[in-house]
Amino acid sequence: MNTPLSRRTALQAVGATALAAGLSGLTATAAHASDGHNSRPKLVTYPRPATMPTNTSFQVRVRSTPDGTWQTLDIYRPQFEEINATTGSGKVYNSSMVYFDFNGSVEIEVTYLKGGTTKARVRPDSYGITPELLGDTLRFTLDEPKDVVVQINDETFDALHLITNCVEHHTPSADDPNVLYFGPGVHTVTGNILTVPSGKTVYLAGGAVLTAQVYFKDVEKSRLIGHGVLYNNPGGAILCEGSKNIRVEDVIILNPAGYAGTFGESKNVHITKARAFSSKGNGDGFDVFSSTGITFDGCFMRNSDDCIAIYCHRWDYYGDTRDITVKNCTLWADVAHPINVGTHGNTDAPETIENLVIKNIDILDHREPQMNYQGCIALNPGDSNLIKNVRIEDVRIEDFRWGQVIYMKVMYNTKYNTSVGRGIEDVYVKNLSYTGTRANPSLFLGYDAEHAINNVTFENLVINGLVVADSMKKPSWFYTTDEIQWFYNEHVTNLKFLTTAEAEAAAAS
């Protein structure tokens, strides 16, 4: 449905008087919450627009602790794809998602309506949440906003994705000429592309659904914020080209027809607590091309292709990519990689990907039958790209369905490349852990002596509780990698595995 383009009556929303105003053009209904900190509610839920598809596997309720009133949450329907390794066909599965805002702490009650519950798991495991299980109902508490997945009986797709934010208290005004405001309800725009001018803020209120692509083209100091949803967006949900000082905060991206976000030839872009779910072909999460100063912070991504991909030249984007940070994120790739770096570049004018930081990441799943596209974290330079100065730190990888923990290959993949990558240099991996049994051997493959991998150090690599180090006890003729069934070829030089104590001693010397 489209929001009526006429002035509407006053209503109560978010515990405060709100005015819903239908505006022409790009704006829609408004809901103003009180700015007073003490008057803010502790729990805010949002009705799902009636035309949005739902799923019926779960009933979900939430209340403020210790004795708040239970509120039932409306359920959205994200979709995910699984590739058949024999036929190559993709099967799309329905899943479930809820979202709400809170301050303080909340108790969450999840009932699996299909029945037959024997076990329940709340992920990421690093959060240490052990639910109380009572038949087909489980309960657990959140003391601060977190994004989690509830799995019943190890179901991969028939799961519940629970998204939470802090209660907003400084919301934009629909009367502000610099705000494109979308209130609760489903909204379309002419041509299905919302072009954002410089200095403007696109605000999606909780309960809002926008079906257009949000487009930043050669602009600066613009924002896309709010607790609403971008849904089924033609051409992808967010497109940012030639722009700088752009912010994307809190929005949920649901089943876009393309990438959740594309960032090309842009500078100083911050994507904070964005969430993306996808199932359609080329359903990447966030892809970076020839850009500088891009930060992904606190994002939750479940995608049917790479969750986060970092490249140089492709299409009409040209130039190096540098100063990219991926931190505090939770990643789940139903197809391809959680993080992929280096595939696309410029053979005619070679480019560089450098100064990449990947920090404090939970990887929940990775499923990729093709060897060329495996790796929870993959550094795969092609097209004469050089990858250098990479820091990977505090990464926790849970058991996944199919793939490798980490993959480094200087490649010439003729499906995508017109030349071999130039190499990989200076990679430091600290506190990476994997717990599970299904990982294929991780591979480190230089192309030849001129297109090699050089200077890769692992500090405190932990595989199923085993700290992997060159100094560990092993047969004298074994490589360190033999102990964990990893492999590197003759074009990998200066590959080291250290304990933390050894690394600290080396730094002090």
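Two strands pair if DSSP finds at least two bridges between them. Strands themselves are DSSP runs of E with at least two residues, while helices are runs of H or I with at least four, and both are numbered from the N terminus.

What you're looking at is a predicted model, where local features need pLDDT of at least 70, side-chain atom pairs count only at pLDDT 80 or more, and totals for chains, interfaces and linings use all residues. Residues are numbered from 1 along each chain as its sequence is written, and side-chain values use heavy atoms, with hydrogens and water left out.

**Exercise 1. Work out the order of the open sheet of 11 strands, and find its edge strands.**

Step 1. Read across the sheet: the order is β17-β20-β23-β26-β29-β32-β35-β37-β39-β41-β45, and the pairing is parallel.

Step 2. Look at the ends. β17 (193-195) and β45 (487-488) are the edge strands, since each pairs on one side only.

Step 3. Zoom in on β17. Three bridges tie β17 to β20 (residues 213-217), and the two run parallel. Pick out Thr 195, and you'll find Tyr 215 as its bridge partner in β20.

Step 4. Try a strand from further along the order. β26 covers residues 261-264 and holds Thr 262. Thr 262 has a relative accessible area of 9%, so it is buried (under 20%; exposed is over 50%, partly exposed is in between, with a 1.4 Å probe and protein chains only). Its contacts (heavy atoms within 4.5 Å), leaving aside neighbours within four places in sequence, include Ile 238, Asp 287 and Tyr 317.

**Exercise 2. Now take the open sheet of five strands: which strands stand at its edges?**

Step 1. Here the order is β5-β4-β9-β12-β11, with antiparallel pairing.

Step 2. The edges belong to β5 (71-72) and β11 (132-134); each has a single partner strand, so one side of each has no neighbour in the sheet.

Step 3. Follow β11 to its partner. β11 and β12 (residues 137-142) pair in the antiparallel sense over three bridges. Glu 132 stands opposite Arg 139, and Leu 133 stands opposite Leu 138.

Step 4. Check the turn. β11 and β12 make a hairpin with two residues between them, and Gly 135 in the turn has a positive phi of about 70°.

Step 5. Go to β9 (residues 106-112), which pairs with β12 in the antiparallel sense over six bridges. In that pairing, Val 106 has Leu 142 as its bridge partner.

**Exercise 3. Sort the side chains of β31 (residues 300-303) by the way they point.**

Step 1. Start with the general pattern: in a regular strand, side chains alternate between the two faces of the sheet.

Step 2. Apply it. Phe 300 and Arg 302 point one way, Met 301 and Asn 303 the other, and all are buried.

Step 3. Add the partners. β28 (residues 275-277) pairs with β31 in the parallel sense over three bridges, with Phe 277 matched to Arg 302. Four bridges join β31 to β34, again parallel, and Phe 300 has Thr 330 as its bridge partner there.

**Exercise 4. Is Asp 334 buried or exposed, and which side chains does its own side chain make polar contacts with?**

Step 1. Place Asp 334: it is in the loop between β34 (330-333) and β35 (339-341).

Step 2. Its relative accessibility is 0%, so Asp 334 counts as buried.

Step 3. Look for polar contacts (N or O atom pairs within 3.5 Å; within protein, one must be able to donate a hydrogen and the other to accept it, and residues adjacent in sequence count only if both atoms are side-chain atoms). The side chain of Asp 334 makes one with the side chain of Arg 302 at 2.8 Å, and another with that of Trp 332 at 2.9 Å.

Step 4. Widen the view, setting aside neighbours within four places in sequence: Asp 334 is in contact with residues including Phe 80, Phe 157, Arg 367 and Arg 401.

**Exercise 5. Where is Val 251 found, and how far apart are the C-alpha atoms of Val 251 and Arg 275?**

Step 1. Val 251 sits in the loop between β24 (244-249) and β25 (252-254).

Step 2. With 0% relative accessibility, Val 251 counts as buried.

Step 3. The C-alpha atoms of Val 251 and Arg 275 are 6.4 Å apart, though 24 residues separate the two along the chain.
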